[in-house]
Amino acid sequence: MCIHLLSTINGGYEVPFRVTVQSYLDHCGDATAKWHVFESDLPAESRHAIEDQAAGYPLKFYWYDFKGSLPANLPVRGHFVPHVYARILAPRLLPAEVRRFLYLDGDLLILDRITDLWNTDLQGAVIGAVPDMAVPHVSSPMGLRRFRELGFQAADPYFNAGVYLADTAAWRARETGRLALEYLDSHRDDVNLLHPDALHAVLRGLWKPLDLRWNLISGLAGRPFFNSYEFDEDEYRGALAEPGIVHFAGLLKPWVHPRIASRWSGLYLQTLARVFPDHQLSRSLSSRSFAFYDRRLRRILYPVEKIVWSKRRGF
């Protein structure tokens, strides 16, 4: 068995991506795997450093330069930069041997073997993904703005696109990438989270919900202000007790703001120090301000934070 992993990064994500790679090696290092990485500006020395990091493990990296392959004038705003769309186009460029792939964002901490996730029966679905803790429903403030027109019910779940398992042939057969980009082009002024919205629009009824433990949002999970009633309580508690993948989604990134309150930020920083022993953690006023907000104020202001997200249609 060979696991095929897919990630899309740019030069600004080298540090967190290498932490993700190290956490994968720590928990899945004995698994034969090929990691397909689509990037646009990663220096050759950085690619070599990542390959050296995996030396001695049955893991091989394959690099794809997507610079110039993305359509012009794709909508961008906030932290959404053009390279995020590479994940939509990447599946059509993967080798024929790749029957399924596991997409992984570059800001993850892998805390368990992913073989069970990899072997998930998709039961005819194009992808398997985890419902989004921050956007639980398509009708949520940051959900799918056109959900009724697209045939969704208000209570239908909205998945997080930072981790998903995909059937490559089904993805291609349904022209998922092309249709998603067409949706974005046609509704650029009526989308919230851009590429996740587009994937929802074209994969209605074609995705399988996965357990929360495979994409646990670090800034929300276990926090007193997070209302877990939207999710199965046993599943949520099980995910907190035995997380499989922790996702540092949003603006609270531990390699940028090392003093945030996530229960996994300490472990993340330990892994970061192993990969980059000389890495200097930020002591800037901005970093301290984010940490103060997250530790002291967020439990009170989180409802306001969500309103701001909604107004800005992103973060």
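**Exercise 1. Determine which residues of helix α2 (residues 44-53) are buried and where they lie around the axis.**

Step 1. S46, I50 and Q53 are the buried residues of helix α2; buried means under 20% relative accessible area, exposed over 50%, and partly exposed in between (1.4 Å probe, protein chains only). Helices (H or I, at least four residues) and strands (E, at least two) are DSSP runs, numbered from the N terminus.

Step 2. S46, I50 and Q53 lie on the same side of α2, because they cover an arc of only 60° around the axis. The arc is that of the directions from the helix axis to the C-beta atoms. An α-helix has 3.6 residues a turn, so residues three or four places apart point the same way.

Step 3. Exposed residues E45 and D52 sit on the face turned away from the buried side of α2. The cover over the buried residues includes α1 (14-28), β3 (59-65) and α9 (265-275), where contact means heavy atoms within 4.5 Å.

The model is predicted: local features need pLDDT of at least 70, side-chain atom pairs count only at pLDDT 80 or more, and totals for chains, interfaces and linings use all residues. Residues are numbered from 1 along each chain as its sequence is written, and side-chain values use heavy atoms, with hydrogens and water left out.

**Exercise 2. Establish which parts of the chain the salt bridge between R274 and D26 ties together.**

Step 1. A salt bridge is a side-chain nitrogen of Lys or Arg within 4 Å of a carboxyl oxygen of Asp or Glu. By this rule the structure has 17 salt bridges.

Step 2. In the bridge between R274 and D26, the closest N and O atoms are 2.9 Å apart. Since R274 belongs to helix α9 and D26 to helix α1, the pair ties together parts 248 residues apart in sequence.

Step 3. D26 counts as partly exposed, because its relative accessibility is 36%.

**Exercise 3. Decide whether K253 and D107 are buried or exposed, and locate both residues in the chain.**

Step 1. The side chains of K253 and D107 form a salt bridge (2.6 Å, N to O).

Step 2. K253 lies in the loop between β10 (245-247) and α9, and D107 in the loop between β4 (100-104) and β5, so the pair ties together parts that are 146 residues apart in sequence.

Step 3. K253 is buried, because its relative accessible area is 8%. D107 also counts as buried, at 4% relative accessibility.
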